[in-house]
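Here is a friendly note for someone opening this structure for the first time. Please keep the sequence and the 3D view side by side as you go through the points.

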Amino acid sequence: MEENDQIADKEEVLKIAEGVGSVSHKMLEYARERVKPGAKLLDVANAIEAFAKEQGYGLAFPVNLSINEYAAHYTPSSEDKRMFGEKDVVKIDLGAEKDGVLGDCAITLDLSGENGKLIEASEEALQNAISTVKAGVKLGDIGKVIEDTIKSKGYVPIKNLGGHGVRVNDLHSDPFIPNYGNGDETVLNEGDIIALEPFATNGKGYVVNSDFYEIYGYVGEAATRNGDARIMLKEIEKSYRNNPFAVRWLSELFSSSFSLYSAVRELLRVGAIEVYPALAESGKGLVSQFEHEMVVEKDGCRVLTK
Ligand code: MN
Ligand code: MN
């Protein structure tokens, strides 16, 4: 009886995941038309996020617009003036959300047209990796396919980033799926929802935390005497308890960006929130990334973010 309940629950999640995946894909297509030299990152991020809401969906996490050596976790701040440049390599990583079911997918745009091979390296690595996915495949074997594809193009994979399981209200769930052949013999199971995300670079092949902070996650209740911080924490507990948020999403609560970011620093200090720093390639190499989310089947997989 209990087993049947779980299956029914899994089917329900999968049904929602299909809608979430489809909307996530549409968000990427919407983004593709707007990421252009001279466009402001803040305008583009706001527009993509509004588009998801117009479709009746929430956001699994803030839209990431990570440029050049930034691999992930860059999203514009509330007063960000930055524009896309003529030569930028832009990773757009995003996901819709419904009832805690999370989307996750990414593309890279090469605004100069000079980095075609770098783009191809991660895009083909993703396609080749997807074609290996089925129940029983070893994680290390998926990683090997990714590594071999990227190296065949003259680049290296980023080893400390990888794919992951996706569960309700848990975007980076077990297992970690490597972007290189690490020999992990853990296997995928039928019905698992996973995301694969190869990163290719002409740098050193690993990312480090930068000092750019804009994406945070709720940790738990904490005491503070700072009034602004208390107002902010209340809103985070109401709206962003489960999934990461951008500081700019809280900007309407405050009269200035000084008070906004002061409240953030206080909540970080008392441990109510944690930061996801923007991740930069350690050799300042250019980075490309592609990502799809899929459900593992007996003899293959079904891509959800299409
Ligand atoms: Mn992911
Ligand atoms: Mn992603």
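1. Let us start with Asp93. With a relative accessibility of 8%, Asp93 falls under the 20% limit and therefore counts as buried. Please keep in mind throughout that this is a predicted model.

2. What coordinates the manganese ion (ligand 2)? Asp93 appears twice among the donors, each time through an OD atom, and Asp104 (OD) and Glu291 (OE) join it, at 2.1 to 2.4 Å. Along the sequence, these donor residues follow the spacing D-x10-D-x186-E. The pair of Asp93 and Glu291 links distant parts of the chain: Asp93 sits in strand E4 (residues 89-94), while Glu291 sits in the loop between E18 and E19, 198 residues apart.

3. The other metal site is worth a visit next. The manganese ion (ligand 1) has four protein donors listed, Asp104 (OD), His164 (NE2), Glu197 (OE) and Glu291 (OE), which lie 2.1 to 2.2 Å from the ion. Their spacing in the chain reads D-x59-H-x32-E-x93-E. His164 belongs to strand E9 (residues 163-167) and Glu291 to the loop between strand E18 (287-289) and strand E19 (292-296), so this pair ties together parts that are 127 residues apart in sequence.

4. How far apart are the manganese ion (ligand 1) and the manganese ion (ligand 2)? They are 3.2 Å apart, and Asp104 bridges the two. Glu291 also appears in the donor list of ligand 1 and in that of ligand 2.

5. Are His164 and Glu291 buried or exposed? Both are buried. For Glu291 the relative accessible area is 1%, under the 20% limit, which is why it counts as buried.

6. Gly95 deserves a look too. It is found in the loop between E4 and strand E5 (96-98), and its relative accessibility of 1% makes it buried. Leaving out neighbours within four places in sequence, Gly95 is in contact with Ser24, Met27, Gly58, Leu59, Ala60, Phe61, Gly103 and Asp104. The last of these, Asp104, is the residue that coordinates both manganese ions. You can also find Ala52 from here: Gly95 and Ala52 are 43 residues apart in sequence, with 8.9 Å between their C-alpha atoms.

7. Now please turn to Asn68, in the loop between strand E2 (64-67) and strand E3 (70-72). Asn68 counts as buried at 17% relative accessibility, because the limit for buried is under 20%. Not counting residues up to four places away in sequence, Asn68 touches Lys87, Asp88, Val89, Lys91, Gly285, Leu286 and Val287.

8. Some backbone details may catch your eye. The peptide bond from Asp174 to Pro175 is cis, with omega near -5 degrees, and Pro175 is found in strand E10 (residues 170-177). His73, in the loop between E3 and E4, has a positive phi near 70 degrees although it is not a glycine. His73 is partly exposed, with a relative accessible area of 22%. Lys284 likewise is a residue other than glycine with a positive phi, near 55 degrees. Lys284 lies in the loop between strand E17 (279-281) and E18 and is exposed, with a relative accessible area of 66%.

9. Finally, step back to the whole chain. How many helices and strands does the protein chain have? There are 6 helices and 20 strands. A compact globule of 306 residues would have a radius of gyration near 19 Å, and the protein chain agrees with that at 19 Å. Its C-alpha atoms fill a box of roughly 60 × 55 × 35 Å along the principal axes.

10. What share of the residues of the protein chain counts as buried? The figure is 54% of the 306 residues. Among contacts between residues at least 6 apart in sequence, 76% join residues at least 24 apart. The protein chain exposes about 13800 Å², of which carbon and sulfur atoms supply 46%. As for charges, there are 34 positive and 50 negative ones, and their mean positions are 4 Å apart.

Definitions and conventions
Residues are numbered from 1 along each chain as its sequence is written. Chains are lettered from A and ligands numbered from 1 in the order in which they are written. This is a predicted model: local features need pLDDT of at least 70, side-chain atom pairs count only at pLDDT 80 or more; totals for chains, interfaces and linings use all residues. Side-chain values use heavy atoms; hydrogens and water are left out. Donors are N, O and S atoms within 2.8 Å of the metal (3.2 Å for Na, K and Ca); water is not among the atoms, so sites may look incomplete. Helices (H or I, at least four residues) and strands (E, at least two) are DSSP runs, numbered from the N terminus. Buried means under 20% relative accessible area, exposed over 50%, partly exposed in between (1.4 Å probe, protein chains only). The radius of gyration is taken over C-alpha atoms; the globule rule is 2.2 Å times the number of residues to the power 0.38. Contact means heavy atoms within 4.5 Å. Accessible areas come from the Shrake-Rupley method with a 1.4 Å probe; for residues, only the protein chains shown count as cover. Lys and Arg count as positive and Asp and Glu as negative; His and the chain ends are not counted. The place of a charge is taken as NZ of Lys, CZ of Arg, CG of Asp or CD of Glu.
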